[in-house]
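Please open the model in the viewer and keep the sequence panel visible. The tour below proceeds by selection, one stop at a time.

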Amino acid sequence: DPAYPLMPWLMKPYMGALDTEKELFNYRLSKCRMVVECAFGRLKGRWRSLLTRSDLSQTNIPIVIAACCVLHNLCESKGETFMVGWEVEANRLAADYAQPDTRAIRRSQRDALRIREALKASFQSEQGNQ
């Protein structure tokens, strides 16, 4: 989302006048974002604890999310059905929680720009076309 700052761990699309490489980057980034949003929607539907503010340290959050992914995949592989209503309710409940103020996050711009440029170059390669 353009409202968020570009960070090494948070990519955002190019803005303004775009050449074809930047347009392709934005398109592929958007496709990636849709996959991630869908995955998190399903995780929040199945694991309601992801809907609330977490008091975990930042180093433990990726571990918890990875554990939720593993457990979700285990449930799926065992045939436990995912109810569509879970995701709908999770989205409704998530709207009640305020998002963090991102204006305070203004460091690491230089690294983030390098990472975005590397991703853009990768998206132009043969491997990126797959």
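**Stop 1: helices α1 and α2**

Select helix α1 (residues 20-46) and helix α2 (residues 61-77), whose axes come within 10 Å and cross at roughly 80°. Helices here are DSSP runs of H or I with at least four residues, strands are runs of E with at least two, and both are numbered from the N terminus. An axis is a line fitted to C-alpha atoms, for helices over the stretch in contact, and angles run from 0 to 180 degrees between N-to-C directions. The crossing makes α1 roughly perpendicular to α2; that term covers 65 to 115 degrees, while under 35 counts as roughly parallel, over 145 as roughly antiparallel and the rest as oblique.

Next, display the side chains at this contact: F40, R42, L43 and R46 of α1, with I65, C68, C69, H72, C75 and E76 of α2. Contact means heavy atoms within 4.5 Å. By class, these are 6 nonpolar, 1 polar and 3 charged residues. Ala, Val, Leu, Ile, Met, Phe, Trp, Tyr, Cys and Pro count as nonpolar, Asp, Glu, Lys and Arg as charged, and the others, Gly among them, as polar.

The model is predicted: local features need pLDDT of at least 70, side-chain atom pairs count only at pLDDT 80 or more, and totals for chains, interfaces and linings use all residues. Residues are numbered from 1 along each chain as its sequence is written, and side-chain values use heavy atoms, with hydrogens and water left out.

**Stop 2: W47**

Move to W47, in the loop between α1 and α2. Is W47 buried or exposed? At 23% relative accessibility, W47 counts as partly exposed, the class between buried (under 20% relative accessible area) and exposed (over 50%), with a 1.4 Å probe and protein chains only. Leaving aside neighbours within four places in sequence, W47 is in contact with C68, L71, H72 and C75. A polar atom of the W47 side chain lies 3.2 Å from the backbone oxygen of C68.

**Stop 3: helices α1 and α3**

Select α3 (residues 84-94) together with α1. The axes of α1 and α3 come within 8 Å and cross at roughly 95°, and the two helices are therefore roughly perpendicular to each other. Here C38, G41, R42, K44, G45 and R46 in α1 meet W86, E87, A90, N91 and A94 in α3. These residues divide into 4 nonpolar, 3 polar and 4 charged.

Centre the view on A94. Residues up to four places away in sequence aside, A94 touches K44 and L51. A94 and L51 are 43 residues apart in sequence, yet 5.8 Å apart in space, C-alpha to C-alpha.

**Stop 4: N26**

Return to helix α1 and select N26. At 14% relative accessibility, N26 counts as buried. A polar atom of its side chain lies 2.8 Å from the backbone nitrogen of Y14. Beyond its neighbours within four places in sequence, N26 is in contact with P13, Y14 and L18.

**Stop 5: the largest nonpolar core**

Which residues form the largest nonpolar core? Select L6, M11, Y14, F25, L29, A112 and F123. Such a core is a set of buried Ala, Val, Leu, Ile, Met, Phe, Trp, Tyr and Cys residues joined through side-chain atoms within 4.5 Å. Helices α1 and α4 (109-124) each supply at least two residues of this core.

**Stop 6: the whole protein**

Finally, show everything: the protein has 4 helices and 0 strands. Of its 130 residues, 22% count as buried.

Methods:
Polar contact = N/O pair within 3.5 Å; in protein donor to acceptor, adjacent residues only side chain to side chain.
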